[in-house]
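Here is a short walk through one protein chain, written for someone who is new to reading structures. Have a look at the picture and follow along.

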Amino acid sequence: MADLLRFLSRLILFACLTLTLAVPASAATVRVLTVQGAISPASADYLLRGMAKAAEDKAHLVVIEMDTPGGLDTSMRDIIKAILASPVPVATYVSPQGARAASAGTYILYASHIAAMAPATNLGAATPVELAPGSSDKPAAPDKPGSSQPGAAKPADAAPGDPRMRKAVHDAAAYIRGLAELRGRNVDWAERAVREAVSLPATEALELKVIDLMAADLGDLLRQVDGRVIKMDGQSVTLDTANAVVERIQPDWRSRLLAVIGDPGIAYILMLLGIYGLLYEFANPGMLLPGVVGGICLLLALFALQVLPISYAGLALMLLGIALMTAEAFVPSFGALGLGGLIAFVIGSVMLIDTDLPGYGLPWTLIVPVAAVSALFSFFVAGMALRARHRPVVTGAEEMLGASGEALEDIEREGWARVHGELWRVRSGVPIQRGTPVRVRARHDLVLDVEPWQGE
């Protein structure tokens, strides 16, 4: 009996060891997020939700592959806040070769736990540029050709006498200094990137300790950071990325939708479709489709415009131009209103997006055709409304006024008559003989006031 118990215990121990060995150790997961183009609300939404999902799934490392000329200040700060609060280490990797992390990309690179660049890439040119009067969004100036050397500097303030611009530069310099001190990177060069808009290639950035390492590709990056110790909220985390499972997260439908409607050209077209859809609906009540489509387009455009650097003076000029072109059909101005409206519309379109940041302008190839179509559409819609106003009424009580008919009996004060093929109770102030043509002067509910009529 004792031997049998020993045999069973050994058998159970063997089975447990076998099951333990059969379960593979969970491999580390690296989430890769890719940003190409300007830092915008769409890219910020994509990165924030990607980092949140990585933290939820307990990923080992988040890698942001970046190639950007810069972007909006509010979107950049949202991304940096998410990086600083992330429980998962974040590595920003300027890739592929030939890419850049200019302007807002420099701030994001400095905020990351690991800053890496591929060969033949550059970073810097982080001087803020004011977008519009009273606007809170300001992108850092994009990288300029010929400014890739450390000594290539330009004036720190584009408008030295403008206190608002000086405040923006000082604020940005203090912000990037704080990020550099937090991550132990080159503080002095970070401030020069803001005040003097200097840029650096990857090799010099590594020498000056602006970045942590250079990597030829993502695999090389993961091999180099393997075993690196990262400080996370006062605790040390050792990265294990040599055999990590790499998962690339692509933008979902929401991020793609935000990217589409956040494009200035798309927002511009949506706004015009919304305005003209509502205008057409008001001119022809009851059509419904133009009003529904116009309302949806206008709401989408308003959402896009609230996150874009727009000039309200330009928007006002566009609306004034549309109003003047529409008024041309109602006022005999011999083309003055229409021409003035067209000019106001074009000038407003040029002023609408008030920034030189790449990817945030409206090209002339879009403005000119849209202006021409807008002028034609405004004249067409206003002309239809004017013609509709002058048409005779064909339905309702007003349509009976002036209608002709025939008395069906001798009428002293009241009697019956046929009007529009219908029998009506009629009243007359004068006697009317049977068969006499009559004309309707007024209607009181179901009784018509008529008078004898000899026709025209």
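## A three-stranded sheet

Let's start with one pair of residues: Asn122 stands opposite Pro201 in strand 7. Asn122 belongs to strand 6, which covers residues 122-124, and 3 bridges join strand 6 to strand 7 in an antiparallel run. Keep in mind that everything here comes from a predicted model.

Strands 6 and 7 are part of an open sheet of 3 strands, in the order 4-6-7, with mixed pairing. Which strands stand at the edges? They are strand 4 (100-102) and strand 7 (199-201); each has a single partner strand, so one side of each is left without a neighbour in the sheet. On average, neighbouring strands of this sheet are turned by 15° against each other, if you ignore direction. There's a helix here too: helix 4 (residues 104-111) lies across strand 4 and strand 6, and runs at about 100° to strand 4.

## A closed barrel

Now for another set of strands. Here 5 strands make a closed barrel, running 12-13-14-16-15, again with mixed pairing. Neighbouring strands of this sheet are turned by 55° against each other on average, direction ignored. What holds strands like these together? Strands of a sheet pair through backbone hydrogen bonds, either parallel or antiparallel.

Let's go round the barrel, beginning with strand 12. Strand 12 and strand 13 (residues 414-419) run antiparallel and are joined by 3 bridges. They form a hairpin, with 6 residues between them. On its other partner, strand 15 (residues 437-444), strand 12 (residues 404-407) pairs in the antiparallel sense over 3 bridges. Glu406 is a handy residue to look at: its bridge partner in strand 13 is Arg418, and its bridge partner in strand 15 is Pro437. Gly405 has Val438 as its bridge partner in strand 15.

Val438 takes us on to the next strand, as its bridge partner in strand 16 is Pro452. Strand 15 and strand 16 run antiparallel, and 6 bridges join them. These two strands form a hairpin with 2 residues between the strands, and in that hairpin Asp445 takes a positive phi near 55°. Strand 16 (residues 447-452) also pairs with strand 14 (residues 422-427), this time in the parallel sense and over 3 bridges. In that neighbourhood, Arg427 stands opposite Asp449 in strand 16.

## Buried or exposed?

Is Ser75 buried or exposed? With a relative accessible area of 3%, Ser75 is buried, because anything under 20% counts as buried. Ser75 is found in helix 3 (residues 73-85). Leaving aside residues up to four places away in sequence, Ser75 touches Ile39, Ser40, Pro41 and Ala44.

Val368 gives us another case. Val368 is found in helix 14 (residues 364-390) and is partly exposed, with a relative accessible area of 48%. Val368 and Ser349 are 19 residues apart in sequence, and their C-alpha atoms are 9.4 Å apart in space.

## Backbone details in the loops

Two loop residues have a positive phi even though they aren't glycines. Lys58 has a phi near 55° and lies in the loop between helix 2 (41-56) and strand 2 (61-67). Lys58 is exposed, with a relative accessible area of 73%. Lys209 has a positive phi of about 60°, and it is found in the loop between helix 7 (202-207) and strand 8 (213-214). Lys209 is exposed as well, at 61% relative accessible area.

One more loop is worth a look. The peptide bond from Ser95 to Pro96 is cis, with omega near 0°. Pro96 lies in the loop between strand 3 (90-94) and strand 4.

## A charge over a ring

Side chains have their own story. The charged end of Arg77 sits over the ring of Tyr175, 4.1 Å from the ring's centre.

## How far to trust the model

The protein chain has a mean pLDDT of 80, and 78% of its residues reach 70 or more. Over residues 19-25 the pLDDT is below 50, and this stretch has 0 contacts in the model beyond near neighbours in sequence. The pLDDT is also below 50 over residues 130-161, but that stretch has 96 contacts beyond near neighbours in sequence. Where pLDDT is low, the predicted coordinates should not be read in detail.

Notes: Residues numbered from 1 in each chain as written. Heavy atoms only, no water. Lys NZ or Arg CZ within 6 Å of the ring centre and 35° of its normal. Pairing = 2+ DSSP bridges. Helix = DSSP H or I, 4+ residues; strand = E, 2+ residues; numbered from the N terminus. Axes fitted to C-alpha atoms, helices over the stretch in contact; angles between N-to-C directions. pLDDT = per-residue confidence, 0-100. Contact = heavy atoms within 4.5 Å. Buried < 20%, exposed > 50% of the residue type's maximum accessible area, 1.4 Å probe, protein only.
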